[in-house]
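Please consider the structure shown below together with its sequence. The paragraphs that follow lead from interior positions to charged pairs and then to the surface.

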Amino acid sequence: MKLKSSAAVNREVDMCEGPILKKLIVFALPLMATNVLQVLFNAADVSILGIFIKDVSRANAAVAAVGATSSLINLLVSLMVGLSVGANVVLSRCVGTKDAEKAARTVGTSVALSLLSGVSVLIVGFFFSRQFLIWMNCDPEVIDMATLYLKIYFLGMPVIMLYNFVSSILRAVGNTMKCFIYLVIGGVLNIGLNIFSVAVLDKDVEGVALATVISQAVAAILSFIALLKSKGYSRLYLKKIRFYKKELKDIVLVGLPAGIHGCVFAISNIFVQSAVNVYGKIYMAGYAISVQIDTIFYQALNGIAVASLTFVSQNHGAQKTDRIKKTVLNASLLVVVLGAVLGAVMGCFGREICSLLSKDADVIEIGYRRLLIVGVPYLLCGLMEVMSNTMRGLGRSFSAMMISIFGNCVVRIVWLQTVYRLVPVYDTILWVFPVSWAITVFVYYIYYGKTIRKLEKKIKTEKEQQV
């Protein structure tokens, strides 16, 4: 297949040529902004409930209800969103190898997979919401509100999945600015609908859940239209929206382990959330607002990590190991610097930031304690994400999954079953995060060194055989 416009293709970013650091920063900035804005718009659910509901007790209950659902939502969504990572890697390799025909089949397969995965999560999430929350020891005082929020949220999963897959496709060709623009449009709509439903209609969790679904639908539709109008490797042909066996296999081989990785991360967080839930709704609310805050910082770091995924994938397809190593080095340095700055912000201004999301002094103090322990060493989490995305870009998605299972699940469960039982206080629960990050990063860098050396040897042997 010949692409209709070479100029259009040139507007898509080629990561196989040119200065790596400059391109990495230019590529990552809109992605970081997109990730941060997405979390800010999601945080609007919590902040608007806390600010506009005048009754403090009702506001705390609503915030706790939404917070209690976050780990469960991440668990059910992570597996399917992981598949979108597979779409990103496969399409990035098509760009690296200049294979337009395979790119078109990959885009069509990705869109079909997004719709199927969205419907699957909708069915599971909608019908089992309450039972999942019971298994998580959700506070009986907020379980009804949490169940209602989940059911409405999961009704929107088809459009939420479509947006995630389409965004992944656009990122694979370096078009991060469109993702940013569409998210801004959907996010502003989300905030407006949130305020209207809570402040004007006097709704609580059902109003913010519906606002989230509507805003995601708008962003998904705009992104879908962008693919239809694209002239480059990200072009979507309606007749190709179906499953192609080879492309589906390639996406699943990378995406399924990535999804399981996300599930493992979510499962470990469910264990942590369940431990926190035992302390009651005040602790649940404080934990919830701090999660909203440090997730914003996480997404800034993750923007760099996701950028490294596309860079590594394209250069892997082009067999340029020197550029892969430079990408990993530059991405690691960027997250260390940014992580140190963000950690300092959380340490110095954590209470003030928490006060933006709650008026309750106890909730603010509990949230700040979490920010001190979890937020200050956040650069470790950034390094972990850079390396996990690097391994996926190198085709080692299964290995990344296994390392994640060990570091983010096994280590955390062992911690909760041993250290926490010896010192059963709230702070002990929180220390599981920086400890597990440090161990996981150490294992990742050792494995990465071995992998890149094997790849260099393989490429050298292939070139010698061709001569």
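Is S84 buried or exposed? In this predicted model, S84 has a relative accessible area of 2% and is therefore buried, since the term applies to residues under 20%. The residue belongs to helix α3, which covers residues 56-97. When neighbours within four places in sequence are set aside, the contacts of S84 are N164, F165 and S168.

A second interior position is N408, in helix α14 (residues 397-417). Its relative accessibility is 1%, so N408 also counts as buried. Beyond its neighbours within four places in sequence, N408 is in contact with H261, V264, F265, S268, M384, S436, W437 and T440. Two of these partners can be placed in named helices: H261 falls within the residue range 245-277 of helix α9, and S436 falls within the range 432-466 of helix α17.

The charged side chains come next. Side chains of opposite charge can pair when their charged atoms come close. Across the whole structure, a search finds eleven salt bridges. One of them joins the side chains of E247 and K102, with an N to O distance of 3.2 Å. Because E247 lies in helix α9 (residues 245-277) and K102 in helix α4 (residues 100-135), this pair ties together parts that are 145 residues apart in sequence. Both partners are buried: E247 has a relative accessible area of 2%, and K102 has a relative accessibility of 16%.

Another salt bridge is formed by K325 and E456, whose closest N and O atoms are 2.8 Å apart. Here too the pair links distant parts of the chain, with K325 in helix α11 (residues 321-354) and E456 in helix α17, 131 residues apart. K325 is partly exposed, at a relative accessible area of 34%, and E456 likewise counts as partly exposed, at 25%.

What does the salt bridge between E365 and R351 tie together? E365 lies in helix α12 (residues 361-375) and R351 in helix α11, so the pair connects parts that are 14 residues apart in sequence. The closest N and O atoms of this pair are 3.0 Å apart. E365 is partly exposed, with a relative accessible area of 32%, and R351 is partly exposed as well, with 40%. Elsewhere, salt bridges that share partners join E101, K102, R105, K240, K246, E247 and D250 into one network. The pair of E247 and K102 described above thus has both of its residues in this network.

The surface carries patches of two kinds. R396, K450, R453, K454 and K458 form a positive patch. Within this group, K458 is found in helix α17 (residues 432-466), and at 51% relative accessibility it counts as exposed, the term being reserved for values over 50%.

The other patch is nonpolar and consists of V119, I123, V124, F127 and F128, which together have about 470 Å² of accessible area. One of its members, V119, is found in helix α4, the helix that also holds K102. V119 is partly exposed, with a relative accessible area of 40%.

How values were computed
Residues are numbered from 1 along each chain as its sequence is written. This is a predicted model: local features need pLDDT of at least 70, side-chain atom pairs count only at pLDDT 80 or more; totals for chains, interfaces and linings use all residues. Side-chain values use heavy atoms; hydrogens and water are left out. Patches are made of residues with over 30% relative accessible area and no salt bridge: like charges are joined within 9 Å, nonpolar side chains (Val, Leu, Ile, Met, Phe, Trp, Tyr) within 5 Å. Accessible areas come from the Shrake-Rupley method with a 1.4 Å probe; for residues, only the protein chains shown count as cover. A salt bridge is a side-chain nitrogen of Lys or Arg within 4 Å of a carboxyl oxygen of Asp or Glu. Lys and Arg count as positive and Asp and Glu as negative; His and the chain ends are not counted. The place of a charge is taken as NZ of Lys, CZ of Arg, CG of Asp or CD of Glu. Helices (H or I, at least four residues) and strands (E, at least two) are DSSP runs, numbered from the N terminus. Buried means under 20% relative accessible area, exposed over 50%, partly exposed in between (1.4 Å probe, protein chains only). Contact means heavy atoms within 4.5 Å.
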